[in-house]
Amino acid sequence: MSAVPLPPLPPAPEEGYRPGGRSIADIVDREHQQLLALLDQLTGPDTTPQEGLAVLTAALSRHLSAEEQYLLPAARAALSNAGERVDAEINADAALLGVLKGLSDETLTEVAARVRRHVEGVGALVAELREVATAEELIRLGNRLEIAEEAAPTRPHPGTPATPPWNRIVEPAVGVVDKVRDAVTRRPTYLADLPEPPRG
């Protein structure tokens, strides 16, 4: 029996069934690379459009929300020595969201440093989770992560709950409000909205 917590899922139709989708580990690794590439663009010598800050804010807000809903609880349950590290990542996420709330050219360097620490810390948990979870579990968690990201807030809300079950209830509700504001203001929120999306 696996220790990796999965949301309620329908039973597999037959033995050897492999769900469709991408592994949560692959998704998180790719998003980390994209975030780092966007930060390189924003902190580089070339002038970056102001919408880059809006996209970074939205991408990070969605990413952290989804990780806290599915990746970090899975790591806590599956890895015997991960409890304190998961707590540290949740605390670091709250601090990052706090700085992100006032993101500007002046605070970008601090945000970049915090994101790089996040990538290192969470990346280590992802590598360990790959070792103990089955491919099917990682894919099912990946499917849940992608759904959570689409419903997640696009702005930082450091005061919202950061652990299940409450974050899985509150974050989508806050996300709806954010998306309405984004639509009204025509705020860009995806990497593809940028004139030159970063490659990661």
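The largest share of the lining of this protein's largest pocket, 5 residues, comes from helix 1. That pocket is a good place to start a tour of this structure, which is a predicted model. The protein chain holds 6 helices and 0 strands, and the notes below go from its pocket to its overall fold, its cores and a few residues worth finding on screen.

**The largest pocket**

- Rolling a probe the size of a water molecule over the atoms shows where empty space is left.
- The largest pocket has a volume of about 340 Å³.
- Of the 16 residues that line this pocket, E31, Q34, R62, E149 and L191 are the closest to its centre.
- Which helices each supply at least two residues of the lining? They are helix 1 (24–43), helix 2 (51–78) and helix 5 (135–151).
- What kinds of residue make up the lining of the largest pocket? By class, there are 7 charged, 6 nonpolar and 3 polar residues.

**The fold as a whole**

- Follow the protein chain along its sequence and you will read the pattern α-α-α-α-α-α.
- The protein chain has 200 residues, and 46% of them count as buried.
- Take the contacts in the protein chain between residues at least 6 apart in sequence: 81% of these join residues at least 24 apart.
- The accessible surface of the protein chain comes to about 10,200 Å², and carbon and sulfur atoms account for 54% of that surface.

**The nonpolar cores**

- The largest nonpolar core has 23 residues, and the ones that touch the most other members are L38, L56, L60, L103, L108, V111 and V115.
- Helix 1, helix 2, helix 3 (83–101) and helix 4 (108–132) each supply at least two residues of this core.
- Which helix gives the largest share of this core? Helix 2 does, with 6 residues.
- Leaving aside residues up to four places away in sequence, V115 touches L35, L39, L60 and L96.
- Another core lies apart from the largest one; this other core has 17 residues, including I27, A66, V122 and L129.

**Between helix 4 and helix 5**

- Two residues to find here are A133 and T134: A133 is in the loop between helix 4 and helix 5, and T134 lies in that loop too.
- Is A133 buried or exposed? A133 counts as buried because its relative accessibility is 11%, under the 20% cut-off.
- T134 has a relative accessible area of 37%, so T134 is partly exposed.
- A133 and A75 are 58 residues apart in sequence, yet their C-alpha atoms are 9.6 Å apart in space.
- T134 and S23 are 111 residues apart along the chain, with 9.9 Å separating their C-alpha atoms.

**Between helix 1 and helix 2, and in helix 3**

- Look for Q50 in the loop between helix 1 and helix 2.
- Q50 counts as exposed because its relative accessibility is 52%, over the 50% cut-off.
- Q50 and L194 are 144 residues apart along the chain, and their C-alpha atoms are separated by 9.8 Å.
- A95 belongs to helix 3, and its relative accessible area of 30% is why A95 is described as partly exposed.
- Measuring from C-alpha to C-alpha, A95 and V111 are 9.7 Å apart in space, and they are 16 residues apart in sequence.

**Two backbone details**

- Most residues other than glycine have a negative phi, and most peptide bonds are trans.
- Where does P165 lie? P165 lies in the loop between helix 5 and helix 6 (166–185).
- The peptide bond from P164 to P165 is cis, with omega near 5°.
- R186 is placed in the segment after helix 6.
- Phi of R186 is near 55°, a positive value in a residue other than glycine.
- With a relative accessible area of 74%, R186 is exposed.

Terms used
Residues are numbered from 1 along each chain as its sequence is written. This is a predicted model: local features need pLDDT of at least 70, side-chain atom pairs count only at pLDDT 80 or more; totals for chains, interfaces and linings use all residues. Side-chain values use heavy atoms; hydrogens and water are left out. On a 1 Å grid over the protein atoms alone, a cavity is a set of points where a 1.4 Å probe fits but cannot get out, and a pocket is an open set with protein on both sides within 12 Å along at least five of seven lines; lining residues have an atom within 4 Å of a point. Grid points are joined across faces, edges and corners, and a volume is the space filled by probe spheres set on the points. Helices (H or I, at least four residues) and strands (E, at least two) are DSSP runs, numbered from the N terminus. Ala, Val, Leu, Ile, Met, Phe, Trp, Tyr, Cys and Pro count as nonpolar, Asp, Glu, Lys and Arg as charged, and the others, Gly among them, as polar. Buried means under 20% relative accessible area, exposed over 50%, partly exposed in between (1.4 Å probe, protein chains only). Contact means heavy atoms within 4.5 Å. Accessible areas come from the Shrake-Rupley method with a 1.4 Å probe; for residues, only the protein chains shown count as cover. A nonpolar core is a set of buried Ala, Val, Leu, Ile, Met, Phe, Trp, Tyr and Cys residues joined through side-chain atoms within 4.5 Å.
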